[in-house]
There are 2 protein chains.
Amino acid sequence: MGIKQRKDREREEKKDLILDAAKRISIEEGFEKVSIRKIAEEIEYSPGTIYLYFKNRDEILFELHNIAFQKFYKEQLKISHITEPFEKLREHGRVYIKFGLDNPDLYELMFIVQAPGNEIESSQSWNEGMKTFDFLRSNVQECLDAGYFKGSDANTLSIAMWSLVHGIVSLYLRKRMAMVPKDFIKPVMFGAYETMIDNLNQKK
Amino acid sequence: MGIKQRKDREREEKKDLILDAAKRISIEEGFEKVSIRKIAEEIEYSPGTIYLYFKNRDEILFELHNIAFQKFYKEQLKISHITEPFEKLREHGRVYIKFGLDNPDLYELMFIVQAPGNEIESSQSWNEGMKTFDFLRSNVQECLDAGYFKGSDANTLSIAMWSLVHGIVSLYLRKRMAMVPKDFIKPVMFGAYETMIDNLNQKK
DNA sequence: TTGACAAAATGAACAGTGTTCAGTAATTTT
DNA sequence: AAAATTACTGAACACTGTTCATTTTGTCAA
């Protein structure tokens, strides 16, 4: 009974075909331009067919969001060589902000756009997000073990650190930095991060 | 020659008519539902007419964003009675987060939605945003004068503080907190802020 | 009051969007 | 070969923002 297997495989292949098309459109024209009709045209099927493989557009954007997370996760690992926990955390934030500013489209999908959020909520499991968060938390835990952030707990502190860097990137991406002259915005964003982390750098 | 004056006044009245309709729709159905056709129907004019008073939908959302800012600004003033600078700053953040969680629609318009951002960028002046930012900066400056955050500058530090609270609110609103059980998300968000501010509370 | 001009408003048209579903085509099973 | 199942289609629904030729309304001088 290899027929079921083949069918399953063919189904997965078609899903990949759809996702690959979505990815291409996303890269070439931005993810906002990823429409059902455009994907359908790209893969030479009718729009209705796509709904046989994905329940709606949000689910497709959620998959793109996962792909973006994988790229980010790899980027994040570049801090692994740093041994001093606080310096590692500091660099972690820098890498995060740099990724956001360098890959606005991927960042939007991962953390700003509504669609994947709805999927995250309904699926009740967020593997890619969790993996990334765990990596941050382990870094924060190392800091706690080394005597930084006395009296804090790793989970809460990780969320706080994440909020800080996310706030920086998303205010920038959504153009809410009009009080800073245009040419200075990027350095100011990094500067804000450094100021904050410097103020946190003390073994109480 | 009072005719020009009357015309100008009538023009402003019509703009207000449009904005009031937009506001009503926004309050009743959420700002995403504010469409040109819906506004037109509400005020009993044709869709084309709206373009005689606003250059596009973004400009209307930008005006709604300004109205939201005014409400937020008032809310913010509630911290004015606090004399100790750091405690005032701490409460400022709390008020900010509370406003975001209690008024998701207004918050989205102020800080997350793309449309007003485009307007902010093109108009090169952001009165409402600046006013709010200046209020934060003066609070931060008081902290610096009192010996907190040694070695930091008010501008940069204000952006950092703002990023922190914005990060908290926007991760929550865009449902990127799936690692926290649903019922705990809100308290965890406030907890993350308290942890961060506690770690910053030390006169170096 | 009438004719001329300008200003204001219209609404159809353009070019899209996500999603559904009755009907057709292809494949597999009996 | 016929029946049953699965895959796919594409028209239809209900929307969206925006433009622009055309019509309506308002103003003003003759």
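User: Which residues come nearest to DNA strand D?

Analyst: In this predicted model, A:Tyr45, A:Gly48, B:Ser35, B:Gly48 and B:Asn56 come nearest, out of 18 residues around DNA strand D.

User: And which elements supply at least two residues of that surface near DNA strand D?

Analyst: Chain A supplies them from helix H1 (3-29) and H3, and chain B from helix H2 (36-43) and H3.

User: How does the surface near DNA strand D split by class?

Analyst: There are 7 nonpolar, 6 polar and 5 charged residues.

User: OK, over to DNA strand C. Which residues are closest there?

Analyst: A:Ser35, A:Gly48, A:Asn56, B:Tyr45 and B:Gly48 are the closest of the 18 residues that surround DNA strand C. The elements giving two or more residues to that surface are helix H2 (36-43) and helix H3 (47-50) of chain A, along with helix H1 (3-29) and helix H3 (47-50) of chain B.

User: What classes do the residues near DNA strand C fall into?

Analyst: The surface near DNA strand C has 7 nonpolar, 6 polar and 5 charged residues.

User: Leaving the DNA. How many residues of chain B are in contact with chain A?

Analyst: 38 residues of chain B are in contact with 38 residues of chain A.

User: Which elements of chain B give two or more residues to that side?

Analyst: Helix H6 (104-112), helix H7 (114-123), helix H8 (127-145), helix H9 (154-173) and helix H10 (185-200) of chain B do. H9(B) gives the largest share, 11 residues.

User: What about classes on the side of chain B that touches chain A?

Analyst: That side has 20 nonpolar, 14 polar and 4 charged residues.

Notes
Residues numbered from 1 in each chain as written. Chains lettered and ligands numbered in written order. Predicted model: local features only at pLDDT ≥ 70, side-chain atom pairs only at ≥ 80, totals over all residues. Near = placed C-beta within 6 Å. Helix = DSSP H or I, 4+ residues; strand = E, 2+ residues; numbered from the N terminus. Nonpolar A, V, L, I, M, F, W, Y, C, P; charged D, E, K, R; others polar. Contact = placed C-beta atoms within 7 Å.
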